[in-house]
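Biologist: Could you walk me through this model? I'd like to hear how its parts pack together.

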Amino acid sequence: MTDASGLRVSTVDTEAAVVQAVRRSGLSNWRAWIYPSAFLVALVLLWELLARLEVVEPYILPAPTAVLDRMVADWPVLWDHTVTTLAEIGAGFGLGAVVGIVLALPIAYSAVFRNTVYPLIVASQAVPKIAIAPLLVLWLGFGMWPKIVITALMVFFPVVVTAAEGFASVDRSLLELLRSVSAPRHQIFSRITLPHSLPRIMAGLKIGITLAVVGAIVGEWVGADSGLGYLLVYANTFLDSTLLFASLVLLVVIGVVLFMLIGGLERLLMPWQYRSGR
Amino acid sequence: MSQPEVRSTVVDEAITLRGVSKVFGTGDRAVTALQALDLDIAAGSFVSLLGPSGCGKTTLLRMIGGLEEPTTGTIAVGRDSVETALRNRLFGFVFQDATLLPWRTVEANASLLLDVTGQGPARQKVAELLRLVGLAGFERAYPDQLSGGMRQRVSLARALALDPRVLLMDEPFAALDSITRDRMGEELLRIWDRSRTVVFVTHSIAEAALLSDRVLVLSARPGRIIADVAIDLPHPRTGSVRQTPEFSEYVRILRSHIEEASS
């Protein structure tokens, strides 16, 4: 894909930057957790102190312990809403990832497709997702589907870009070598192209999973009767700030855990990227 | 030229080029990379293509190996067309970059072509190959744990795995330091052992003189063969051959042709 548009290059730069940041942030190294954790604990303690001294009104900033109490007290309800949102994230992420990888194939292998459809895919990203959410509700109703679709729409873009880039960046002489011995195409794809593209695809999936959380919440804001996004709107309406914070905490936990799951998958699929002595 | 007897089994695999030219692009922007070229490469010989960059030596190599179509003319390997030769897996390729797969061990990289053609696993054969290229004991290592020279040895083992009759090498040692480069050259001659034809692209005069039976000097734009020099030096060509006046004389002759080619 040498006919690079400026847009695509910048996306790939972003991808590289994210991978770099993830590596540098040391999410893979337990020792690197100590300092940020200690800082976070200090912040929470400060917050607790401010709340106890009632420097700010409790409905503006409830104490962390009050949020925790609320989470314990209302756990069954919170868990139900968490399950709804998790299901939306999972289905939307899966759909978006599959569509992204499948679309990347013709983009990488067909010049016609790349020149006609790819620019439109890139341009489509200028449309704010939240702006089309009401339309999706109109088309798909108030059930799970509009949330799944909007989540998938957010996820597929980083995946399609990174996967297409990966598929198209296999060393040319290596491909020639394999064609010179009449290797079957499926062999070339499964033994060379796919493993070669995995680091890029996984980077796309990491960006995708964080966007998936956003997508599900945005979908729920527009029209839903359950889910953590719905709970946020509900709590806001009744100025129920402990419920608001409880939902936020759960969303943060979901985001971090899912990101770490993808990171774990990455290590599982690409041990060669993480061997010591690199 | 005092050459040992060429094995009878490989006599048929002489490479013949007749009126071969290559033009890139069309109309006003057409560039003639190679101009009407006739060439015979004897089976079992070691032939170097030497010339300044842009002289079309890589294009010539790629056309022999069927990676590129000639614009005019015909290329035959023995009695067969290049296509047939490709189908029979007669060619082995080594490029300037080792192009190893980082997720495969040395062993698995060497057996790549066996795997994708459904002939693997052939552990015995791969172990032999790795011994041949001097990598015994490194079977389980990964490419990023190897030096540049070792990576190129793996690349050579990979090319030899399907036992090609013709080894096509495109500046295989150009990225190596000069000490490693000299040693790899000697090792290549040992492995070659007249058992197959080698076509070797290089821009190093000393390398061409040390390794080859025959050096073809190409001029740039349009690419033509301006000199065909038989190198009649004794084998094995170890470092001591470099000290001989004959070697220096060949280097001098080749250099004067190169200067002619570049002017």
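Modeller: Domain bounds here come from an automatic or database domain assignment. For chain B, that assignment gives domain 1 (8-90 + 164-262) and domain 2 (102-162). This is a predicted model, where local features need pLDDT of at least 70, side-chain atom pairs count only at pLDDT 80 or more, and totals for chains, interfaces and linings use all residues. Residues are numbered from 1 along each chain as its sequence is written, with chains lettered from A and ligands numbered from 1 in the order in which they are written.

Biologist: Which helix gives the most to the side of domain 1 of chain B that touches domain 2 of chain B?

Modeller: Contact means C-beta atoms, placed from the backbone, within 7 Å. The contact takes 11 residues from domain 1 of chain B and 8 from domain 2 of chain B. Helices are DSSP runs (H or I, at least four residues), numbered from the N terminus. With 4 residues, the top contributor on the domain 1 side is helix α7 (residues 178-192) of chain B.

Biologist: How far apart do the C-alpha centres of domain 1 and domain 2 of chain B lie?

Modeller: Take the C-alpha centre of each of these two chain B domains. The distance between them is 25 Å.

Biologist: And how many residues does chain A put into the contact with chain B?

Modeller: Chain B brings 22 residues, and α4(B) gives the most on that side, with 3. From chain A, the contact takes 19 residues.

How values were computed
Contact = placed C-beta atoms within 7 Å. Helix = DSSP H or I, 4+ residues; strand = E, 2+ residues; numbered from the N terminus.
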